[in-house]
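Here is a quick walk through a model for anyone who likes to check the geometry before using it. Have the viewer open and follow along.

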Amino acid sequence: MQRVLFHETIFGPIHSRRLGSSLGVNLSPRDGKVCSFDCLYCEAGFNAQGPGTTGFPSRAEVSRLLEEKLKAMKESGEKLDVITFSGNGEPTLHPEFSGIIDDTIRLRDEYFPDVKISVLTNSTRLSSPDVCRALNRVDNNILKLDSAIEATMRRIDRPGSPQFTTDGVIAQLEQFAGTGIIQTMILRGEGIDNTTEAEISALIDAYKRIHPRSIMIYSIDRKTPDETLRAVNKEELKKIGARIESETGIPVSVA
């Protein structure tokens, strides 16, 4: 079973195909997974593995570890493009997420003022005012929308809450018009294909409603927990991206 966990709170920097040289911040446990989705394609594996034993790192611990790493990188002259919140689950589930973002902005400004701060979120916590305020403070607020069709979203993302719906999240995403970045995984598998005419048309309608700053579409490039999933090749992704950009007027990047 595919299961690749980050065993550190601060990891990297690693090369991100979408963001460049990225220093990762993992707000989930170091030995387990905590997520409000249970995506078929998650490299960290399925939620059934459990949350582990280490628990969420404290705000103070995250700040201390991040400062130590940024200070060491600055002293050694290392290159850095972005500080990225991702890791072993959904970062906005951390109870001190908003305060951690404040600390990260302060440390970024002190050590690497030109570096961007990115948050990869699955969009399940957008009903929280504190979470939304924090997301509005980062440079790259990257929000998940894998399908605008309810049945497909549930098949791919497997949200933990039955109250989470495509209509509901699209409405919540509208608050980030002009600032948010929508990220969509494009893939195929047994009973799954979000490249069909119906799927792409529904996504285009959703993007028009949300009107984000930009759209990222990408496909799988590593092993996935569901071994039936298949990547969509780059040329097809480019064609899909070109159509989306043409019909929405929103910049689309393909990775």
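## A small sheet and its surroundings

Strand 7 (residues 187-189) and strand 10 pair in the antiparallel sense, with two bridges between them. Pairing here asks for at least two bridges found by DSSP. Within this pair, R188 stands opposite R230 of strand 10. Zooming out a little, three strands make an open sheet in the order 8-7-10, with antiparallel pairing. Strand 8 (192-193) and strand 10 (230-231) sit at the edges with a single partner strand each, so one side of each has no neighbour in the sheet. As background, strands of a sheet pair through backbone hydrogen bonds, in either a parallel or an antiparallel way.

A word on provenance: this is a predicted model, where local features need pLDDT of at least 70 and side-chain atom pairs count only at pLDDT 80 or more, while totals for chains, interfaces and linings use all residues. Residues are numbered from 1 along each chain as its sequence is written, and side-chain values use heavy atoms, leaving out hydrogens and water.

## The whole chain

The chain has seven helices and eleven strands, taken as DSSP runs numbered from the N terminus (helices are H or I, at least four residues; strands are E, at least two). What radius of gyration does the chain have? The value is 18 Å, which agrees with the figure near 18 Å for a compact globule of 255 residues; this radius runs over C-alpha atoms, and the globule rule is 2.2 Å times the number of residues to the power 0.38. The C-alpha trace spans about 50 × 40 × 35 Å along its principal axes.

Buried residues account for 54% of the 255, where buried means under 20% relative accessible area, exposed over 50%, and partly exposed in between (1.4 Å probe, protein chains only). Contacts (heavy atoms within 4.5 Å) reach far along the sequence: among those between residues at least 6 apart, 72% join residues at least 24 apart.

## Some residues worth a click

Here are four residues with their places and accessibility.

| Residue | Place | Relative accessible area |
|---|---|---|
| S21 | strand 2 (residues 20-26) | 16%, buried |
| V119 | strand 4 | 0%, buried |
| S123 | loop between strand 4 (116-121) and helix 3 (129-137) | 0%, buried |
| H211 | loop between helix 6 (197-210) and strand 9 (214-218) | 42%, partly exposed |

Start with S21. Not counting residues up to four places away in sequence, S21 touches P13, I14, K79, L80, D81 and V82. P13 is itself in strand 1 (residues 10-16), and the peptide bond leading into P13 from G12 is cis, with omega near 10°.

V119 is 98 residues from S21 in sequence and 15 Å away in space, C-alpha to C-alpha. Which residues does V119 contact, leaving aside neighbours within four places in sequence? They are F85, P91, F97, I101, L135, V138, N140, N141 and I142.

Now for the backbone oddities. Most residues other than glycine have a negative phi, and most peptide bonds are trans. S123 has a positive phi, near 75°, and this residue is buried, with a relative accessible area of 0%. H211 also has a positive phi, near 50°, but H211 is partly exposed at 42%.
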